[in-house]
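I opened the notebook to go through salt bridges, a pocket and a surface patch. My notes follow in the order I looked things up.

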Amino acid sequence: TSTLATASRVQRLWDGRSAFWMPTAWDLTPAYVLSAVQAATADGPNDILYVTDGPAPSFYRVSTLAPSVPALVGTSARLVSVRGVATDDQFVYVTASVDARMGVYRVPRGNVAAEPVALAISSSFSTATSQATPMAVDGAVAPRHLYVRNQNGEVEVVVDPAGAAPFNLG
């Protein structure tokens with residue numbers, strides 16, 4: 001869709017110093033496709049990577065240091081209903097649906113439009129807009145484990161998620 005929304009979707013709620021929460025728009029002069037932010041994660045020490053929903057999820061990056069214009073990282077035509085996101089130095093990991101198969105997938109950081117690689121396929125991952133999927137890697141470089149909470153509240157683990165032969169422990 002070419003319809004754009006220009007309202008801020010990323011807010012800093014507290015600056016760590018003031019006595020009260022003071023929401024501040026963090027994504028200056030945004031231009032988004034009409035869709036909601038569905039997942040976000042720290043992306044290195046100074047950035048936030050987040051995903052908007054829609055016919056083709058769009059990935060954006062914004063600085064944590066000061067309000068800034070969001071940078072479009074890319075769009076994926078294959079990922080549907082992204083509900084969780086995590087990153088390392090090589091990949092972006094998401095929970096999403098690909099060809100109606102819910103699971104955990106990875107795409108290269110430099111090309112989120114690439115064909116997603118399935119790391120774990122299970123109906124226990126939610127693609128509902130009302131349910132986010134918390135995800136985390138245990139390291140920013142060559143992580144040993146990717147942790148994902150499924151819709152039942154259980155934590156599932158993918159071993160060597162950036163490796164040549166990742167393994168889903170369930």
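Which residue forms a salt bridge with Asp99? I looked, and the partner is Arg78, with the closest N and O atoms 2.9 Å apart. I keep in mind that this is a predicted model.

**Entry: around Arg78**

I placed both partners. Arg78 sits in the loop between strand S8 (71-75) and S9, and Asp99 in the loop between strand S10 (91-98) and strand S11 (101-108), so the salt bridge ties together parts 21 residues apart in sequence. I then checked exposure. Arg78 is partly exposed, at 26% relative accessibility. Asp99 is exposed, at 55%.

I found another salt bridge on Arg78. Its side chain meets that of Glu115 at 3.0 Å, N to O. This pair links distant parts of the chain, 37 residues apart, with Glu115 in the loop between S11 and strand S12 (117-121).

**Entry: around Asp43**

I searched the whole structure and got five salt bridges. One of them pairs Arg61 with Asp43 at 2.7 Å, N to O. Arg61 lies in strand S7 (residues 58-63) and Asp43 in the loop between S5 and strand S6 (47-52), so this pair ties together parts 18 residues apart in sequence.

Buried or exposed: which word fits Asp43? I noted a relative accessibility of 4%, so Asp43 counts as buried. Its partner Arg61 is partly exposed, with a relative accessible area of 24%. I also traced a network: salt bridges that share partners join Asp43, Arg61 and Arg109.

**Entry: the largest pocket**

I turned to the largest pocket, which holds about 170 Å³ of space. I counted 14 lining residues, and those closest to the centre are Ala42, Asp43, Gly44, Thr87 and Ala140. Asp43 thus turns up again, here in the lining.

Which elements give two or more residues to that lining? I listed strand S5 (37-42), strand S9 (80-87) and strand S13 (135-137). S13 gives the largest share, three residues. By class, I logged six nonpolar, four polar and four charged residues in the lining.

**Entry: a surface patch**

Last, I looked at the surface. Leu13, Trp14 and Trp21 form a nonpolar patch there, with about 390 Å² of accessible area together. I located Trp14 in the loop between strand S2 (11-12) and strand S3 (24-25). Trp14 has a relative accessible area of 45%, so I entered this residue as partly exposed.

Note on methods:
Residues are numbered from 1 along each chain as its sequence is written. This is a predicted model: local features need pLDDT of at least 70, side-chain atom pairs count only at pLDDT 80 or more; totals for chains, interfaces and linings use all residues. Side-chain values use heavy atoms; hydrogens and water are left out. Patches are made of residues with over 30% relative accessible area and no salt bridge: like charges are joined within 9 Å, nonpolar side chains (Val, Leu, Ile, Met, Phe, Trp, Tyr) within 5 Å. Accessible areas come from the Shrake-Rupley method with a 1.4 Å probe; for residues, only the protein chains shown count as cover. A salt bridge is a side-chain nitrogen of Lys or Arg within 4 Å of a carboxyl oxygen of Asp or Glu. Helices (H or I, at least four residues) and strands (E, at least two) are DSSP runs, numbered from the N terminus. Buried means under 20% relative accessible area, exposed over 50%, partly exposed in between (1.4 Å probe, protein chains only). On a 1 Å grid over the protein atoms alone, a cavity is a set of points where a 1.4 Å probe fits but cannot get out, and a pocket is an open set with protein on both sides within 12 Å along at least five of seven lines; lining residues have an atom within 4 Å of a point. Grid points are joined across faces, edges and corners, and a volume is the space filled by probe spheres set on the points. Ala, Val, Leu, Ile, Met, Phe, Trp, Tyr, Cys and Pro count as nonpolar, Asp, Glu, Lys and Arg as charged, and the others, Gly among them, as polar.
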